[in-house]
Amino acid sequence: MVPVPVLPTIDVAGLMSASDDDRTTRSIGDAVVAACSAVGAFQVVGHGVDPVLRADLVAAARRFFALDPSEKAHIGMPLAGPAWRGWFPTGGELTAGVPDGKEGIYFGLELPPDDPRVLARTPMHGPNLFPARPAELRSLVLEWMDAVVPVAHAVLRGIAVGLGLERRWFDRWCADPTVLFRIFHYPAVADPPGPGAGWGVGEHTDYGLLTLLAQDGTGGLEVATADEWVEVEPIPDALVCNLGDMLERLSAGRFRATPHRVRTPTIDRISMPLFLDPGWDVVVEPLPRAALDAEGPARPRWDGADLRGLDGPYSTYLLGRVARVFPDLFERVGAGAEVEPRV
Ligand code: OGA
Ligand code: NI
């Protein structure tokens, strides 16, 4: 597939600081909303995240993935219990019931062991598991999350402004967001299966509000437009933004959560998605009508689900989805059988 630059590149520098001038934020907001209403994915530049940090993190991740699996298992996911952190081996995660051709490490906000949510064994909350080697992975991951979370908030401010809402509209859902960060390694396969026979990651949408993903130069990430799959061109310093299910839900379908997938690569690939999701206990309600009326709902969803029927806090939805991608682990830590999503 030839990379087609259908995804707009949006410079968000004008949204990053508190002193943003309204005229600039308005024009960036318009561009963000236009991209959200079209493919639902775009390349974010001007975010100010240090390219050296990015390069160092990718290098550290490569060093970790090159270790013997027995050493990587020292931070294996089962050791984190309900916190859902740590390493899983290739084939350990399922998308639509099929094992993905990737290994990875799951991280989230670093909470101290005495945080009330950790003491209560709240699923997906806890300290991270960091490897002994390479030791620098710990500080690089924490720095990366600190640097990229504000970019996600800036994009949400752009969406709010572009929809004619108050700049901080999204704070009600994500002043205390659920933040998940993952580093994936897609091992090269000399003779990758043909289309449909196996994927690095199969077709899916992300669960929360939005995802900001740093990919290396390998390529292979594809997003679905209205009528075809297109490759997301690797741009060295850009963060790929795609919309999650909760933006679809709160926009009553005006924005579409973006179906995407990853081809099995012939060269080792690293990708690093950060997911900014609503607060754990937040009930996501649709936006005020005025912001939705401008355009009608977009196309039907890829999986036929109807997110309007969703009920309960975000955690119910998230845990239901996670139960499908890590069924064994989910059973083992007993994060609650009652969380099957209602969509
Ligand atoms: C994901 C995802 C794509 C990639 O983690 O949800 O779609 O390039 N990742 O790794
Ligand atoms: Ni995804």
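Which protein donors hold the nickel ion (ligand 2), and how far from it do they lie? They are His204 through NE2, Asp206 through OD and His260 through NE2, at 2.0 to 2.1 Å from the ion. A donor here is an N, O or S atom within 2.8 Å of the metal (3.2 Å for Na, K and Ca), and since water is not among the atoms, sites may look incomplete.

Before going on, note that this is a predicted model, where local features need pLDDT of at least 70 and side-chain atom pairs count only at pLDDT 80 or more, while totals for chains, interfaces and linings use all residues. Residues are numbered from 1 along each chain as its sequence is written, chains are lettered from A and ligands numbered from 1 in the order in which they are written, and side-chain values use heavy atoms, with hydrogens and water left out.

Back at the nickel ion, the donor residues follow the spacing H-x1-D-x53-H in sequence. Asp206 sits in the loop between β8 (201-204) and β9 (210-215) while His260 belongs to strand β13 (residues 260-262), so this pair ties together parts 54 residues apart in sequence. Helices (H or I, at least four residues) and strands (E, at least two) are DSSP runs, numbered from the N terminus. Asp206 is buried, at 7% relative accessibility, and His260 is buried at 7% too. Buried means under 20% relative accessible area, exposed over 50%, and partly exposed in between (1.4 Å probe, protein chains only).

Now for the helices. Helix α2 (residues 51-65) packs on helix α5 (residues 137-162) at about 140 degrees, with the axes 10 Å apart. Axes are lines fitted to C-alpha atoms, for helices over the stretch in contact, and angles run from 0 to 180 degrees between N-to-C directions. That angle makes α2 oblique to α5; under 35 degrees counts as roughly parallel, over 145 as roughly antiparallel, 65 to 115 as roughly perpendicular, and the rest as oblique. Among the residues in contact (heavy atoms within 4.5 Å) are Leu53 and Arg54 of α2 and Trp144 of α5.

Helix α1 (residues 22-37) also meets α5: their axes come within 7 Å and cross at roughly 95 degrees, which makes α1 roughly perpendicular to α5. Cys36 in α1 and Ile159 in α5 are among the residues that meet there.

Finally, look at Ile235, in the loop between β11 (229-231) and β12 (239-243). At 25% relative accessibility, Ile235 is partly exposed. Leaving out residues up to four places away in sequence, Ile235 touches Thr9, Gln43 and Arg54, and Arg54 is also one of the α2 residues that meet α5.
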